[in-house]
Amino acid sequence: HVDAKQPDRETKRVSLDDGVLRLPIRSPDQGLLRLWVSVDDPQQGYWHGQRDFSFDLEDSSTTGDLPTIALKQGKVYRGQVVSAVSGAPISGAQVAPSQLGHHASWIDWDRANNTDRNGEFRISAPFADGVAARHPDYLETEIEVGHSGCRADELNLKLSPLRKLFGRIVDDDGKPIEGVSIDPGQEKSNANGEFTLRVTTE
């Protein structure tokens, strides 16, 4: 299956039995078409590419010319997400590819997949330096692929469970203070000075 995307239009998923991509174009009769194509196959891996080409529906002499889109091989990552405390698999965790920047990494959550009931995942991307995982009940974590012997086909991400920590902020007279930012989650105290933090047990 191929995902073909046109700017300002929805992505179309089609099956290419003969290797020819066919997209309906209603108007205009002439123009420039830009296509992004991605193919994610369990056996052959992830491939992607894009190309601009002109079209003229009124010119019958060009009907036999089929432009080609050369695809580049992307990255496929497989592994498991488990609890850092118990080692139990975590189902429903989001796993996404990440890229390293000059000052911080960038995580592409739009490409995230959820882990299954065994905590296992498979994600694909044109390029990535690592993967990240998150779950509402655990601290988000990220690992670099290729670092410390990590292999792309057997990644193991360990998430530390979170617990709630309750508190209250008051002044010298014991009156509650509202709107105080609490690190590390930037939570703010409410009208009664109360706040809740989600912290790891470590």
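This is a short walk through the fold, the cores and a few side-chain details of one protein chain.

The model is predicted. Start with the secondary structure. The protein chain holds 17 strands and zero helices. It has 202 residues, and 28% of them count as buried. The chain exposes about 13600 Å². Carbon and sulfur atoms supply 45% of that area. Now take the contacts in the chain with a separation of 6 or more: 55% of them join residues 24 or more positions apart.

Next, look at strand β6, residues 75–83. β6 pairs with strand β10 (residues 120–125) in the antiparallel sense. Six bridges make up that pairing. One place to find it is K75, whose bridge partner in β10 is A125. β6 also joins strand β13, residues 155–159. Here the strands run parallel, over five bridges. Q80 marks this pairing, standing opposite N156 in β13.

The same strands lead into the interior. The largest nonpolar core has 15 residues. Those with the most contacts inside it are V81, V95, F121, V131, L155 and L157. Five strands each supply at least two residues of this core: β6, β10, β11 (130–135), β12 (138–144) and β13. The largest share, three residues, comes from β13.

L157 gives a good view of this region. Set aside its neighbours within four places in sequence. L157 is then in contact with Q80, V81 and V82. L157 also touches F121, along with V131, A132 and A133. T141 and I143 complete its list of contacts. Apart from the largest core lies another, of five residues. Among them are A96, W109, A112 and A132.

W109 also takes part in a charge–ring arrangement. The charged end of R134 sits over the ring of W109, 3.8 Å from its centre. How many aromatic pairs does a search of the whole structure find? The search finds zero.

Finally, turn to F166. F166 lies in strand β14, residues 162–168. Is F166 buried or exposed? F166 counts as exposed because its relative accessibility is 61%, and the cut-off for exposed is over 50%. F166 still has partners from elsewhere in the sequence. Leaving aside neighbours within four places, F166 is in contact with F195 and T196. F195 is 29 residues from F166 along the chain, yet their C-alpha atoms are separated by 5.9 Å.

Notes: Residues are numbered from 1 along each chain as its sequence is written. This is a predicted model: local features need pLDDT of at least 70, side-chain atom pairs count only at pLDDT 80 or more; totals for chains, interfaces and linings use all residues. Side-chain values use heavy atoms; hydrogens and water are left out. Helices (H or I, at least four residues) and strands (E, at least two) are DSSP runs, numbered from the N terminus. Buried means under 20% relative accessible area, exposed over 50%, partly exposed in between (1.4 Å probe, protein chains only). Contact means heavy atoms within 4.5 Å. Two strands pair if DSSP finds at least two bridges between them. Rings of Phe, Tyr and Trp (its six-membered ring) pair if their centres lie within 6.5 Å; planes under 30 degrees apart count as stacked, over 60 as edge-to-face and the rest as tilted. A charge sits over a ring if NZ of Lys or CZ of Arg is within 6 Å of the ring centre and within 35 degrees of the ring normal. Accessible areas come from the Shrake-Rupley method with a 1.4 Å probe; for residues, only the protein chains shown count as cover. A nonpolar core is a set of buried Ala, Val, Leu, Ile, Met, Phe, Trp, Tyr and Cys residues joined through side-chain atoms within 4.5 Å.
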